[in-house]
Amino acid sequence: MDKISTHTGTGVPLRRSNVDTDQIIPAVYLKRVTRTGFEDALFARWRKDPEFVLNQEPFREGSVLVAGSDFGTGSSREHAVWALKDYGFAAVLSSRFADIFRGNSGKNGLIAAQVEQSDIELIWKILDNHPGAQITVDLESRTVTCDTLTVPFQIDDFTRWRLLEGLDDISLTLRDEAAISRFEATRPAFKPKTLPARV
Amino acid sequence: MGRTLAEKVWNDHIVALGEDGEPDLIYIDLHLVHEVTSPQAFEGLRLAGRPVRRPDLTIATEDHNTPTVDIDKPIADLTSRTQIETLRRNAQEFGIRLHSLGDADQGIVHVVGPQLGLTQPGMTVVCGDSHTSTHGAFGSIAMGIGTSEVEHVLATQTLSLKPFKTMAITVDGELPAGSSAKDIILAVIAKIGTGGGQGYVLEYRGEAIRSLSMEARMTICNMSIEAGARAGMVAPDQTTFDYVKGRPHAPQGEDWDAAVEYWKTLRSDDDAEFDAEVVLEAADLEPFVTWGTNPGQGLPLSASVPDPAQIVDENERASAESALAYMGLTPGMPLRDIAVDTVFLGSCTNGRLEDLRSAAEVIRGRTKDPNVRMMVVPGSAKVRLAAEAEGLDKEFVDFGAEWRFAGCSMCLGMNPDQLSDGERCASTSNRNFEGRQGKGGRTHLVSPLVAAATAVRGTLSSPADLD
Ligand code: SF4
């Protein structure tokens, strides 16, 4: 996972609350055997509508999603985060995230920044007046800047740290690699091995 | 204070103790892999440039998607075929031992592990499949994990886990004839409910459990997950040691002696305290069948379809009402009068040799109800071969049943073996959820004995009904 300290990109207003993971990525896409290449699956049903925000310039190339409250509810599918990242999103702003979605975001290097609903409304207004306005999400100072507006966001310390350090679950565990190797050295000889195969 | 079996096994696998309520880092002794939950895990490794840490503690088999007829032909369903081909490529690339369709050691992942002697007492066993709890029958902590955890175990051979609570389930006394392990576990789930085991590892103990074979203990541990538990366990004893001894991957020579010495310590101490306790009397256990759409909705075969109006709890009443509507049953109907279209004998719950033998014994000298279709699917290729060596295949075929190749088959209907809309099935598998065995299919969970008797009479029956 890459280290992230700050990200700047085009803001995309998604004026909906309760965006569940089935809207983010419909179930039919879950049959795939890959964990990348889900960009076409993101908001697949909504994108059939030419009026949908991601079908409009200059939002097509957006990378900071500004959504209503309760983002990422519903099924726990990690694919929802993969689809957002594959499309090009680096951050999602919302006044409330579903717990599992928030957890999955941290694990996969997507910033889920919790912003007051009143500030979300202000950002939406700026994006209305200046479509294509850039948004900067700064993990160091925990602030979001859009045009002249700078507001704070919340993210828990652990998630912020792992994003700053670029640590996924596995690299976190591998920091204990010495302990794992030590443990392996003490495993009894009678424990079974699958290789070489005995039949 | 004494320690429980689960606590002992847990402690012996702590790589790093979690501080301030953080999870412990737990070492994993055996990782079982199949085609459905592994593809993204392997791709994650590839994207990050990570190897599999311990290919020698990992083994893969093809089971969920595999056809049970014409196994030499290409798999027709594209998603199934892609998943299987992906597993083959991944196994090759990462150096993982794989038992493919057609191989003598192919089969349902939870049948293959014990059969090869890879599942032994006192281990930690994981697999991206909820019925991994099966392996707890050996006195191991065995549990199902999600795809991102599969990747984590592949890369690190560990998992970050918080300790579970412990629940003792004591089954005293002796099982009556005609009842079996499946009836014990269906009765347990009916008693504690499908959420009753949540957060717990269940330890099955008591005289009735001790006198069960390993295969029967696996049936019980297998369905622990249907009570909501993370895992189920049985303390190892002479029955366990005898089962493991001589299997391909069993310890040998001095290793065997050292292993048995350790395994003998794996029991809950007399003064160990469990977080919860449940007691059942085996003598009371009649053959059990489910009437609803979750495994907790079960009753003794002599009972009748319950009347939701009599159920006090509001949620349970609503769930019973919708279950009966889905199942097409009317309250008050004797369970014995329910006619089925299909009998499915198989799955990781009841697809082992003993299960096939006990069913064969019931049908011997009898004829199948002509309106019933019966499908017999061995849990593994080895089970199939062993059954054929005893002539069981011939008995089933003469009886009018279909004799299939090994796999998950109709347990979950991912391959072509599915129920059609409204079709009613007596199934030895573990889940009777709506649509589990095919869209609109109606499942009654039963033991192999009841499955066989049902195939004879055409309605839900126990062997005693045949005399
Ligand atoms: S037989 Fe059924 S429960 Fe067992 S692993 Fe296969 S699908 Fe899962």
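**A walk through the salt bridges and a parallel sheet**

Let's start on the surface of chain B, where B:Arg267 is partly exposed, with a relative accessibility of 40%. As you explore, keep in mind that this is a predicted model. The side chain of B:Arg267 meets that of B:Asp270 in a salt bridge, with an N to O distance of 3.1 Å. B:Asp270 itself is exposed, at 73% relative accessibility. The idea behind such contacts is a familiar one: side chains of opposite charge can pair when their charged atoms come close.

Now move on to a group of charges of one sign. B:Glu7, B:Asp271, B:Glu273, B:Asp275 and B:Glu277 form a negative surface patch. To find one of its members, look at strand β12 of chain B, residues 276-281, which holds B:Glu277. Is B:Glu277 buried or exposed? Its relative accessible area is 57%, and because the cut-off for exposed is over 50%, B:Glu277 counts as exposed.

Back to the paired charges. Over all chains, the structure holds 38 salt bridges. One of them joins the side chains of B:Asp105 and B:Lys382, 3.0 Å apart from N to O. What does this pair tie together? B:Asp105 sits in the loop between β5 (97-99) and α4 (109-115) of chain B, while B:Lys382 belongs to helix α14 (residues 381-389) of chain B, so the salt bridge connects parts that are 277 residues apart in sequence. The two partners have their own surroundings: B:Asp105 is buried, at 3% relative accessibility, whereas B:Lys382 is partly exposed, at 32%.

Another pair to visit is B:Arg404 and B:Asp417, whose side chains meet in a salt bridge of 3.2 Å, N to O. Both residues lie in the loop between β17 and β18 of chain B, and the pair links parts of the chain that are 13 residues apart. B:Arg404 is buried, with a relative accessible area of 10%, and B:Asp417 is buried too, with 7%.

That loop leads us to a sheet. In chain B, five strands make an open sheet with the order β17-β16-β15-β18-β19 and parallel pairing. The strands at its edges are β17 (402-403) and β19 (442-445) of chain B, each of which pairs on one side only.

Now turn to strand β15 of chain B, residues 342-345. Both of its faces are covered, with B:Thr342 and B:Phe344 buried on one side and B:Val343 and B:Leu345 buried on the other. On one flank, β15(B) pairs in the parallel sense with strand β16 (residues 373-376) of chain B over 4 bridges. Strand β18 (residues 424-427) of chain B also runs parallel to β15(B), joined to it by 3 bridges. Which residues stand opposite B:Phe344? In β16(B) the residue is B:Met375, and in β18(B) it is B:Ser427.

From β18(B) you can step on to β19(B): these two pair in the parallel sense over 4 bridges. Here B:Arg424 has B:Arg442 of β19(B) as its bridge partner.

Finally, cross over to chain A. Chain A has 8 helices and 7 strands, and its C-alpha atoms fill a box of roughly 70 × 40 × 25 Å along the principal axes. Of the 199 residues in chain A, 52% are buried. Salt bridges also reach across the two chains: A:Glu177, A:Glu184, B:Arg53, B:Arg54 and B:Asp56 are linked in a network.

Terms used: Residues numbered from 1 in each chain as written. Chains lettered and ligands numbered in written order. Predicted model: local features only at pLDDT ≥ 70, side-chain atom pairs only at ≥ 80, totals over all residues. Heavy atoms only, no water. Patch = residues over 30% accessible without salt bridge, like charges linked within 9 Å, V, L, I, M, F, W, Y side chains within 5 Å. Areas by Shrake-Rupley, 256 points an atom, 1.4 Å probe, with all protein chains shown as cover. Salt bridge = Lys/Arg side-chain N within 4 Å of Asp/Glu carboxyl O. Lys, Arg positive; Asp, Glu negative; His and termini not counted. Charge placed at Lys NZ, Arg CZ, Asp CG, Glu CD. Buried < 20%, exposed > 50% of the residue type's maximum accessible area, 1.4 Å probe, protein only. Pairing = 2+ DSSP bridges.
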